[in-house]
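Work through the exercises below with the structure open. Each task is followed by a solution in steps.

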Amino acid sequence: MDFTSTEEQSAVRELAGQIFGDLSTHERLAAAGTGTDAELWKAVCGAGLVAAVEEVGLLGLVLALEEQGRTTAQVPFAASCVYGVLALRAHGTAEQRERLLPALREGSAVATGAFPAAGGHVRATVEGELTGVVPLVPWLRDATHVLVPDEERRLWLVRVADAGAEAVETTAPWSAGRLTLDGSRAERVGGAAAYEDVLATARTAFAGLQAGVCAGSLARAVRHTTTREQFGRPLSTNQGVLLRAADAYMDTEAIRVTSYEAAWRRDEGLRYGTHALTAAWWASEAGTRVVHAGQHLHGGLGADLEHPVHRHFLWGRQLDAYLGCGGELLAELGEVIVAEKLAEKAKGRPSAEAAGRGEGVGA
């Protein structure tokens with residue numbers, strides 16, 4: 001495994017860092033409220049960051065999303081790339097790609113996803129008409145298209161104009177909405193394996209976003225504790241503060257490396273479903289710990305809803321729940337591993353552990 005970024009991926013990361021760092025300031029975020037920063041989104045698309053994802057792959061997207069997470073920039077970058085650009089590149093027909101990708105690249109069209117397909121709330125007819133309600137879809141208020149899995153986990157692309165969308169406020173300002181489908185026309189995207197692939201891609205991408213959110217929270221905590229003094233010395237010299245910050249750093253690195261591995265494996269055409277689940281689990285469990293630590297290390301300031309670190313806390317908690325919380329992800333990972341072991345046994349192949357002990361050879 002080699003997670004070293006290519007020249008193109010590094011360029012995308014640097015450009016994303018520059019744009020988000022310059023434009024996603026605390027003042028602009030406060031002015032945007034719960035909505036998207038339209039000027040920032042125009043700059044992101046105008047710089048070619050969305051279009052570049054087709055060339056730099058999921059790992060390149062994860063690197064760019066880290067930079068977005070550091071500043072909690074309010075743009076539908078992850079959603080439109082995952083549920084639009086990458087989903088259509090991997091599973092769309094030639095006609096769909098030719099018709100839809102140009103607008104997604106330039107930002108005149110925005111995609112989001114009604115993921116995961118928990119409970120199978122959406123039903124589809126043979127003619128491609130969808131019925132059902134999805135209570136919460138991030139960035140739906142900005143989207144022109146939404147990728148919807150039905151109760152049988154088939155993927156459908158719906159124009160938001162052909163469905164019902166009403167605003168839903170969450171703790172994180174993601175322009176979320178409630179999607180209502182009442183015989184809404186849709187077009188099929190991909191085959192039987194498309195849902196699992198898009199879900200794994202989304203989990204990996206949003207884990208990368210969480211790594212950035214955590215890194216930004218920790219950086220703020222470090223700046224605060226090294227400049228704030230108590231009893232004549234910086235807070236950072238307190239052993240308890242040092243240990244808390246060190247634990248947060250290690251948790252952040254765990255999120256980062258697992259998301260890198262999952263993204264790299266997808267780009268290399270390797271199996272990555274369990275790796276995506278692992279990255280998502282770290283993003284959920286460790287991400288929660290890090291944003292709590294970042295807020296706690298700010299002391300009383302961390303309780304101020306207007307303080308920048310509070311925004312990292314809100315994003316971290318939303319990303320913890322989005323696409324499955326830690327316990328759900330761990331249970332799903334266990335089920336996948338057991339299923340793989342049973343499949344190997346049924347085919348007469350030894351498991352990795354048994355092969356390492358010399359068991360089952362020649363069976």
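The exercises cover one buried residue and two pockets.

This is a predicted model, in which local features need pLDDT of at least 70, side-chain atom pairs count only at pLDDT 80 or more, and totals for chains, interfaces and linings use all residues. Residues are numbered from 1 along each chain as its sequence is written, and side-chain values use heavy atoms, without hydrogens and water.

**Exercise 1.** Locate Pro-76 and determine whether Pro-76 is buried or exposed.

Step 1. Pro-76 sits in the loop between α4 (49–71) and α5 (77–91); helices are DSSP runs of H or I with at least four residues, strands runs of E with at least two, numbered from the N terminus.

Step 2. Pro-76 counts as buried because its relative accessibility is 1% (buried: under 20%; exposed: over 50%; partly exposed in between; 1.4 Å probe, protein chains only).

Step 3. Leaving out residues up to four places away in sequence, Pro-76 touches Thr-36, Trp-41, Val-110, Trp-139 and Asp-142 (contact: heavy atoms within 4.5 Å).

Step 4. Val-110 is 34 residues from Pro-76 along the chain, with 7.6 Å between their C-alpha atoms.

**Exercise 2.** State which classes of residue line the largest pocket and the second largest pocket.

Step 1. A pocket is an open set of points on a 1 Å grid over the protein atoms alone, where a 1.4 Å probe fits, with protein on both sides within 12 Å along at least five of seven lines; lining residues have an atom within 4 Å of a point.

Step 2. The lining of the largest pocket has seven nonpolar, three polar and eight charged residues (nonpolar: Ala, Val, Leu, Ile, Met, Phe, Trp, Tyr, Cys and Pro; charged: Asp, Glu, Lys and Arg; polar: the others, Gly among them).

Step 3. The lining of the second largest pocket has 16 nonpolar, three polar and one charged residues; β3 gives the largest share, three residues.

Notes: Grid points are joined across faces, edges and corners, and a volume is the space filled by probe spheres set on the points.
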